[in-house]
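The following note sets out points on the sheet, the helices and the side-chain contacts of one model. Please read it beside the coordinates.

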Amino acid sequence: MIMLINIIFLVLILRLSFEKRIIESVLKKDWPVLLLVQHVLFWVIFSFVNVYFYISFVGLPSSIYCILIALICNAFIYYISFNKLVPEFYITKNYAQYILYTILIFVIFSLTRILIEPEITTGPHGGIEQGLLFIFIYTSHGICILVSGLLGISKHKFMIENDLILLESIKKETDMNLLKSKVNPHFLLNTLNNIYAIGDNINELQSQSVLNLSQLLQYTIYETDHKRISISKELQMIKALTGLYQLKHGNALNIQFDFIEEDWMDEVEIPPAVFLTLYENALKHSAIGNDPEAWIQVNIMLEGDKMRFIVQNSISGSDEINVHYEYKGIGLTLIRQLMNIEIGTDNYSLQTDAQGKVYQAELSFKL
């Protein structure tokens, strides 16, 4: 009865050591340390059970010999199963060989013990009845095979999970670099086209356009290397791009920014080029500069813990769009991919709506 209680206690402790919440709170997903702790915990409790069992029935020094034999045999079973049988047969799905070799080591070490221990388990306390001894031997060997198998499988499971986490991190970084590589050439192309368009104007306008170009180039080269930038920097680039378009058309474009810059815009960060791309899409689809009735409105607001960026533009009915506006941007699909990577699918919303001759794109996310 005492042995059964100890075995149940051992299995319960082992089960708790696999509990995810305990693992995360104590070890913070450090799997190698976790496995080491599980090994140590198992052997401390398992050794205690063996010591208690033999000392209860066998006197000294015979109990010491029995304990040593038991621990040595169980250690061989445990580490052969953990280091050899599980990785080479179970993990590779050679289940028949795994079962065969598991039974083989169970039989070999059980026979070794039942041939040796009955001769040395007699003592002043009456010794151990052979039936009880055999049950204890078989049970201890079965527990070692079970626990070593579970830990061996867990080890490979944790290794696979760590590899998946690493691959996911690499994938995210690759996706970010891919998206940025799509963004950068379009910024340069769009800006250079605008510089070319005002080449015949006065030097003052050329100087202003060079300044705006410098800001956009700096943004493209440096800021897009960051995973996030402040909203104020993103708005600065939108205004720099607007300046280039206004210079080309003599400040006659109907573009309105219905917001004022506030301190929180320096603190809140977003993935680079997201706002700028939505704004460039509005420049393209409104055909502003070609269509006299075209207009664009940009608004940004903070509502509680949610930030909203709204771009509205007229929809041009003209079939002829100037070549300088044939800019396809990175598109809404890639914006969503970028937001999914950096913000998370549940933490933002990107909605578009066209009613009559008005198109609206709204991006909102939780701070």
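1. Helices (H or I, at least four residues) and strands (E, at least two) are DSSP runs, numbered from the N terminus. On this basis F76 belongs to helix α4 (residues 62-90). With a relative accessible area of 46%, F76 is partly exposed (buried means under 20%, exposed over 50%, partly exposed in between; 1.4 Å probe, protein chains only). The C-alpha atoms of F76 and C144 are separated by 9.5 Å, the two residues being 68 apart along the chain.

2. On the basis of the note: this is a predicted model, in which local features need pLDDT of at least 70 and side-chain atom pairs count only at pLDDT 80 or more, whereas totals for chains, interfaces and linings use all residues. Residues are numbered from 1 along each chain as its sequence is written, and side-chain values use heavy atoms, with hydrogens and water left out.

3. The open sheet has five strands in the order β2-β4-β5-β7-β6, with mixed pairing (two strands pair if DSSP finds at least two bridges between them). Its edge strands, each pairing on one side only, are β2 (255-257) and β6 (348-355). From one strand to the next the twist averages 10° (axes are lines fitted to C-alpha atoms, for helices over the stretch in contact, and angles run from 0 to 180 degrees between N-to-C directions). Strands β5 and β7 run antiparallel and are joined by nine bridges; I310 stands opposite E362 in β7.

4. Two helices lie across strands of this sheet. Helix α8 (residues 231-248) lies across β2, β4 (296-303) and β5, and runs at about 160° to β2 (contact means heavy atoms within 4.5 Å). Helix α11 lies across β6 and β7, running at about 160° to β6.

5. How many salt bridges does a search of the whole structure find? The search finds six (a side-chain nitrogen of Lys or Arg within 4 Å of a carboxyl oxygen of Asp or Glu). One of them joins E342 and R228, at 3.8 Å from N to O. E342 lies in helix α11 (residues 331-342) and R228 in the loop between α7 (203-221) and β1 (229-230), so the pair ties together parts that are 114 residues apart in sequence. E342 is buried, at 16% relative accessible area, while R228 is partly exposed at 33%.

6. A network of salt bridges links E303, R308 and E362. Between R308 and E303 the closest N and O atoms are 3.1 Å apart; between E362 and R308 they are 2.7 Å apart. The latter pair links distant parts of the chain, with E362 in strand β7 (residues 358-366) and R308 in strand β5 (residues 306-314), 54 residues apart. Both E362 and R308 are buried, whereas E303 is partly exposed, with a relative accessible area of 39%.

7. The whole structure holds 19 aromatic pairs (rings of Phe, Tyr and Trp, the last by its six-membered ring, with centres within 6.5 Å; planes under 30 degrees apart count as stacked, over 60 as edge-to-face and the rest as tilted). The rings of F275 and F309 are stacked because their centres are 3.9 Å apart and their planes lie at 10°. F275 is in helix α10 (residues 274-286) and F309 in strand β5, 34 residues apart, so that this pair links distant parts of the chain. Both residues, F275 and F309, are buried.

8. Two further ring features deserve inspection. F42, W43, F46, Y78 and Y79 form one aromatic cluster. The charged end of K239 sits over the ring of F257, 6.0 Å from its centre (NZ of Lys or CZ of Arg within 6 Å of the ring centre and within 35 degrees of the ring normal).
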